[in-house]
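Here are some exercises on aromatic contacts, each with a worked solution. Have the viewer ready and follow the steps.

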Amino acid sequence: MKQLSFVFFLLCAFSAGAYSDTSQLNLIIMDWDNNVQIHWAQYHSTRQYLVDELKHTNLILADESLAILDYVKTLNRKVELIEKIKYEEEVLGVELTKLRYKKGLEIIRLLYEKVLGLDHHFSSLQTYQNITSLSNPNAYPEYQNSKAVLERQLKKENSLQLPLLLETNPYLSPAFSLITSVLGTGNKMQRENELDNISCILDFTARMNSELATIYYETEYLRESNVTLKEECVDLFEEYVEVVRYHTPLDVCRREDDWDKVYEALDTYITDLETEIAEDPHSSKAIKLQVELEFAVDRLINFINKYNAFIEQGAKYYQKFEVIISNYPNEEECKAKLPIEFDALKRDINYSIDRFNEAYDISALRGSKLKDLLYGFSE
């Protein structure tokens, strides 16, 4: 009944178009929990049958009139039942470990898509590549034109040509233009008009230069951190599947849709483990095979923590960028003369906040249900 109800839920989710990134993880967790409950129910049913038979066996053994041969036969049956109960516990442990490992693979697959999405996100934000020019007045044609007019009006004896290195400097070049407007000759009103024409550019670049630089460098830091996170995800997959003797890199596995072979390798591994347990559940090989699967899941938990920390950090950075970009004091006065890239930068920042809050920040990754399942606490 549980299996049928879960299938019905999946069909409803798909038909409603609910298979978003977030619901995908929720479905993984629900399917996982559903299967855990099924395994526990099967175990309890089998164990109860064995315990009831064990109680009946004890009653027979308590009969003092029982013949010696029957007593020995019943005693052997008792030992056999006790061993079966222990074996069923071992089998349950293997099934739950296999389930944790398999669902761990699905989570790695999902998180890798998330990290790739972040990679694409940073690459698509072209505005950030223009921040350097956005904060440099020399990048504005209006500034260059007015600067040329003002320089032509300098007295010949006061004429001074800035070296190219200083002329492109976003701090010294505006200062030189201001000095030029004061020392220049010709029509005073024309010089004032030229200075007024570039006043918003000078004010914006002077006030926002360091702030825009902060946005640029911290965005580059996030971009590089995401590259590191992607590399760690690839390394995690390599270590994770090496346990079951699968050796294809994650990007190749994804590109060639090779996931069935990963699961086949897992099934082969579990078969070997079950064979060892059937022969001797306490053998060093059986214990080693199961521990290696558990240790692989521990690696996944560490990566989930890193992913969550990165997403939280990214969201805070973009919230900081929003505060910076929204606090240019003369925005209303200079709105008509500010570059369109400034508005584009605002849109990119708001878009990034939404992406980090909605697409990349998966609350289920921090949920107690996932933690219980990963640590094997759910029953």
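A residue counts as buried when its relative accessible area is under 20%. Keep in mind that this is a predicted model.

**Exercise 1.** Work out which class the aromatic pair Tyr101 and Tyr240 belongs to, and whether its members are buried or exposed.

*Solution.* Start from the whole structure, where a search finds twelve aromatic pairs. One of them joins Tyr101 and Tyr240, with 4.3 Å centre to centre and 15° between the planes. Planes under 30 degrees apart count as stacked, so this pair is stacked. Next, locate the partners: Tyr101 lies in helix H3 (residues 68-124) and Tyr240 in helix H8 (residues 188-242), 139 residues apart, so the pair links distant parts of the chain. Finally, apply the cut-off: Tyr101 has a relative accessible area of 0% and is therefore buried. Tyr240 also has 0%, so Tyr240 is buried.

**Exercise 2.** Classify the pair Phe204 and Tyr328, then place both residues along the chain.

*Solution.* The centres are 5.2 Å apart, and the angle between the planes is 85°. Angles over 60 degrees count as edge-to-face, so that is the class here. Phe204 belongs to helix H8, while Tyr328 is in the loop between helix H11 (284-325) and helix H12 (331-334). They are 124 residues apart, another link between distant parts of the chain. Both Phe204 and Tyr328 are buried.

**Exercise 3.** Find which residues the ring pairs link into a cluster, and what sits over the ring of Tyr263.

*Solution.* The cluster is made of Tyr221, Tyr317, Tyr318, Phe321, Phe356 and Tyr360. Over the ring of Tyr263 sits the charged end of Lys102, 5.2 Å from the ring centre.

How values were computed. Residues are numbered from 1 along each chain as its sequence is written. This is a predicted model: local features need pLDDT of at least 70, side-chain atom pairs count only at pLDDT 80 or more; totals for chains, interfaces and linings use all residues. Side-chain values use heavy atoms; hydrogens and water are left out. Rings of Phe, Tyr and Trp (its six-membered ring) pair if their centres lie within 6.5 Å; planes under 30 degrees apart count as stacked, over 60 as edge-to-face and the rest as tilted. Helices (H or I, at least four residues) and strands (E, at least two) are DSSP runs, numbered from the N terminus. Buried means under 20% relative accessible area, exposed over 50%, partly exposed in between (1.4 Å probe, protein chains only). A charge sits over a ring if NZ of Lys or CZ of Arg is within 6 Å of the ring centre and within 35 degrees of the ring normal.
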